[in-house]
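Let's look at this model together and ask what stands behind the words used to describe it. Each answer sets a value beside a rule and then draws the conclusion.

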Amino acid sequence: SKDVEVHVCRFIDYEPSAICAIDLHDNNIYCAVGRENGNIEIWDLNGSFIQRIIPGLGANTIRSLLWINDSKQRLISCGLDGWL
C-alpha cells in the first residue's frame, strides 16, 4: 500500500467550471484552456501547473482558442457572443 499526503487549502475561493475549448502550443510546453465562466488558463505542461489565468467577462463562454506561432506567441480566443 502507498501512503498519500493530502493538503487542504481553505483560503482559495475555487468554483469549478467546465472546459469548453483547448489548444496545445506547437512547442508542446503550453496548453490554453477555455472555461465556461470565460476564464482562460495557460498551463505549463513541463511542471503541470497553471502559469497564468486570464479572467473572463462574466458569462462569456470561450468556444475556440488558437495559438499564433510567430515571434510574439499570441493566443486568440472567441465565443458565441462575437468577441474575439
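A: To start, a rule we will need: a residue is called buried under 20% relative accessible area and exposed over 50%, with partly exposed in between. Keep in mind too that this is a predicted model.

Q: Why is V8 called exposed?
A: V8 has a relative accessible area of 54%. The word exposed applies over 50%, so V8 earns that label. You can find V8 in the segment before strand 1.

Q: What makes V4, V6 and V8 a nonpolar patch?
A: Nonpolar side chains, Val among them, are joined into a patch within 5 Å, provided that each residue has over 30% relative accessible area and no salt bridge. V8, with its 54%, passes the area cut-off. Together, V4, V6 and V8 have about 330 Å² of accessible area on the surface.

Q: How do you know that E41 forms a salt bridge with R35?
A: The closest N and O atoms of this pair are 3.2 Å apart. The rule asks for a side-chain nitrogen of Lys or Arg within 4 Å of a carboxyl oxygen of Asp or Glu, so the pair of E41 and R35 counts as a salt bridge. A search of the whole structure finds one salt bridge.

Q: Are E41 and R35 buried or exposed?
A: E41 has a relative accessible area of 10%, and R35 has 14%. Buried means under 20%, so the label buried fits E41 and also R35.

Q: What makes strand 2 and strand 3 a pair?
A: Two strands pair if at least two bridges are found between them. Five bridges join strand 2 (residues 30-35) to strand 3 (residues 40-44), so they pair, and they run antiparallel. Among the bridge partners are V33 and E41, as well as A32 and I42. These two strands form a hairpin with four residues between them, and G38 in the turn has a positive phi of about 95 degrees.

Q: How do you know that strand 1 and strand 2 pair?
A: The same test applies: at least two bridges are needed. Strand 1 and strand 2 have five bridges in the antiparallel sense, so they pair. One of the matches is L24 with C31 in strand 2. This hairpin has five residues between its strands, and N28 in the turn has a positive phi of about 60 degrees.

Q: Why are strand 1 and strand 4 called edge strands?
A: Four strands form an open antiparallel sheet in the order 1-2-3-4. Strand 1 (19-24) and strand 4 (49-54) each pair on one side only. Neighbouring strands of this sheet are turned by 20 degrees against each other on average, direction ignored.

Q: Why is C31 in no disulfide?
A: A disulfide needs two cysteine sulfur atoms within 2.5 Å. The count here comes to zero disulfides. For C31, the nearest cysteine sulfur, that of C20, is 14 Å away. As for C78, its sulfur is 12 Å from the closest cysteine sulfur, in C20, and so too far for a bond.

Q: What are the labels for C31 and C78 in terms of accessible area?
A: C31 is buried, because its 9% is under the 20% cut-off. C78 has 28%, between the two cut-offs, and is therefore partly exposed.

Definitions and conventions
Residues are numbered from 1 along each chain as its sequence is written. This is a predicted model: local features need pLDDT of at least 70, side-chain atom pairs count only at pLDDT 80 or more; totals for chains, interfaces and linings use all residues. Side-chain values use heavy atoms; hydrogens and water are left out. Buried means under 20% relative accessible area, exposed over 50%, partly exposed in between (1.4 Å probe, protein chains only). Axes are lines fitted to C-alpha atoms, for helices over the stretch in contact, and angles run from 0 to 180 degrees between N-to-C directions. Patches are made of residues with over 30% relative accessible area and no salt bridge: like charges are joined within 9 Å, nonpolar side chains (Val, Leu, Ile, Met, Phe, Trp, Tyr) within 5 Å. Accessible areas come from the Shrake-Rupley method with a 1.4 Å probe; for residues, only the protein chains shown count as cover.
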